[in-house]
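Biologist: Could you take me through this model?

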Amino acid sequence: MHQFVFQQGLSGALRPFPHILEIGVKKIQSIQLNSFPESRADCFRIFHIIEGKFEWCINGKIYMLFPGDTAIISTGTLFGNSKNILEIGSIAWLNIKLGDSRDRLFAAGSNSGLNTGEQQTILKVLLMNSMPVISKLTETARILHAISYELQHQEIGYLTRVSQLTDEMFITLTRYLSHQKDPVRNFPQVFMQLEQELRKDLSHQWTVEEMAAIVGMGSTMFNERVKTFTGFTPLNYLINIRISEAMKLLKKNNINITDIALDTGFYSSQHFSTTFKKLTGYTPREFRTNYLTADKD
Amino acid sequence: MNCIITIELGTNAVRVFAFDLDGNEIGSQRGYCPTLHTGPDYSEQDPDHMFITMLYSLKNLLTEYVHPGKYKVSTICFSSSMHSVLAVDKTGTPLGNAITWSDNRAKKIAQELKDSELGKALYTRTGTPLHPMSPLAKISWMKEFDKERFKQTSKFLSIKSYIIHQLTDKYLIDYSIASATGLLNIHDIKWDQDALNFAGIKKSSLPELVPILTEAGKLKKAYQNSLGLTADTRIIIGSSDGCMATLGDGVMGEGRATITLEDSGAVRVMGARMLEDDKQRFFNYLLTEDCYVSGGPTNNAGSVFEWFARQFGDCKNAFEIDYSIHDLMEEASKVSAGSEGLLFLPYLLGERAPIWNANARGSYFGLNIKHEKKHFTRATIEGVLYGVYNIGKTLEEHRNITSLSVNGSYGTLSLCSKMIADIFNKPVALRSNSHSVSYGTYLVAATEMGVYKNLDEAAKTVKLPDEYLPDKTNHETYMQYFKIFEQLSTKLAPEFEIIANIS
């Protein structure tokens, strides 16, 4: 690939794609001091190593990058080279402005063919990712190359193609990252991670598809595995977590019941009350009163 | 028709079973409730998650088997894992999670206490080895390193005490669970004042101490309604999983021992005398005031098989631990006893009985150019079982053991049972179609109801056929290697320590 850089605001080619902040290819032929100090990424960045060997420090950890490797740097991640230099070689990159809510993958005004659920899931998987360097993911190179081609040639349909390609890039990365968890081999461990994610965001209306995507499984297989592993369907297992969390909150007198319902992921206090009573025998209000009057000795 | 429900509160799951009064299984349910590792050395369980999982599994069991079968639930009886500690405030609200048996945060406190004169005296009186697992060590840890929680605590419960309190409003702890806290004098069955002083607590900070057949109060009205149970349903406190498994296998009286192999394992005997061991190698827990369940625990059983299967198993099919263990056993059966000279020290998780060395590590020994992967597979299984035999052999210094029973998901694998018979040179019996802990719990409930005159009688009705008979030639081969195994386990102690200090 030839060297080039398109930047949002400077290159007209990017105007229709507000989510693409920058895309480029660079060949580094001599080492320049202070060319790559550690700093916080101000957007979501994807790098692909074309040639050379790079030593990068990402979130305090040193990674060696080789040709064919992909680096994924989330917004706010500290990264750079510990000697402040960008080594000799060539790299391609794509900087993306993510959406400002968890329902939107890309910045406002951009087109994506992904539906809201898919966008939420992709964002979740990317935010959870703890593996910034992927080796030998040839897809990244192909997609970056295709985006550059479309932007440089602007043939008929390029507006659609570029949006499709950025979608594809994110689908590819998400699938790769979730498959890395090797859920089939390590189900108990992966399930534990899922449980942590569920607990972190209990107010979210989780769907089985989303949960399955997080562990990197198709939803049919996920359903079966969860049933055999836990004795419950995924949604019923989630209810266990929701109710046990709600019980904790009910024991604290300072949070009102509607807030507890919403915080623990029930869509109304009515829904909360019915589910809670079905399982525990008490309405949330009765449960709280029991606790507050109990053992006042 | 009447039925009995047993509830086992384990560290990974809640298991509920329904039995008719003759001990035939009507149905069962299992609900997953994980152990959380919130920090290095930390193993905890969320008590409310546990409670909801228990209720939900119980409810599913009732609606699936019990109510449609027109059974009337006369008794619900409990068993649970040992050594858990849950601090609650004066309203009964948990202060954080329950700390489970595998938690290691109190290791320093436990070691210091073990090496002291007080430690030796406490071991003799309480029967619980001084180890980070024991609630004595955990509460002392809280006193020192979690002062805020310690100060707010009104009671230190076991996980079972908490669950029972939810159901009946009573704070109770049974003899078995209490005898595994390190706080109970098992000779006069009273809380030990020196142990309480060391932990910095008063008797009133512990639940009321009751025998395992005690009725733990009345089920609250709300649960009667939501579960469809009648007001006269009896809630029996029950015992610990280890004691229940021993009872469930009918290991009453001289000559018998039982081997449990789950992720971890234990060899246990039961009898009217406790085992006194000046090296503090065994536990002595109470089943009743005059019946002790004694033995030694190992850290390295199923977890080691699973580790091996995960790392070196074939990945031809989708990985399911059950299949994969099955493949492992099949591969191991292609090699003759003794793995042609390859030996394995299984101490991947450090070891408790009988070497009690937290720094112990795993090792393959005796490797030569002819060994193949299948030899490693067999050696791994043999190594784990030598570890178990090492416990059994030390027990035999105190008790005469003539026959064995095995239970737990790994112990009952046929190759394992066969190898146990050969290594121990004793016949091995097993319960083929049921779960020993739950069956033991059924026996307790049925005894309380008067189906059996007493637990002795109940245990005697358990007739497990000898499924595996020892092979003398294999036994002799195993013994030659076991000698090396035993020597290496102690000889390497200095090296274990050095490597533990490096990483």
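Modeller: The overall form of chain B comes up here, followed by a sheet in chain A. This is a predicted model, in which local features need pLDDT of at least 70, side-chain atom pairs count only at pLDDT 80 or more, and totals for chains, interfaces and linings use all residues. Residues are numbered from 1 along each chain as its sequence is written, while chains are lettered from A and ligands numbered from 1 in the order in which they are written.

Biologist: How many helices and strands are there in chain B?

Modeller: Chain B has 18 helices and 23 strands, taken as DSSP runs (H or I, at least four residues; E, at least two) numbered from the N terminus. Its radius of gyration is 22 Å, close to the 23 Å of the globule rule for 503 residues, so chain B is as compact as a globular protein of that length. The radius is taken over C-alpha atoms, and the rule is 2.2 Å times the number of residues to the power 0.38.

Biologist: What box do the C-alpha atoms of chain B fill?

Modeller: Along the principal axes, roughly 70 × 50 × 45 Å.

Biologist: Turning to chain A, what is the strand order of the open sheet?

Modeller: The order is S1-S2-S9-S4-S7-S10 (chain A), with antiparallel pairing; two strands pair if DSSP finds at least two bridges between them.

Biologist: Which strands of chain A stand at the edges?

Modeller: Strands S1 (4-7) and S10 (133-134) of chain A do; each has a single partner strand, so one side of each is left without a neighbour in the sheet.

Biologist: Over how many bridges do S7 and S10 of chain A pair?

Modeller: Strand S7 (residues 70-73) of chain A pairs with S10(A) over two bridges, in the antiparallel sense. A:Thr70 has A:Ile134 in S10(A) as its bridge partner.
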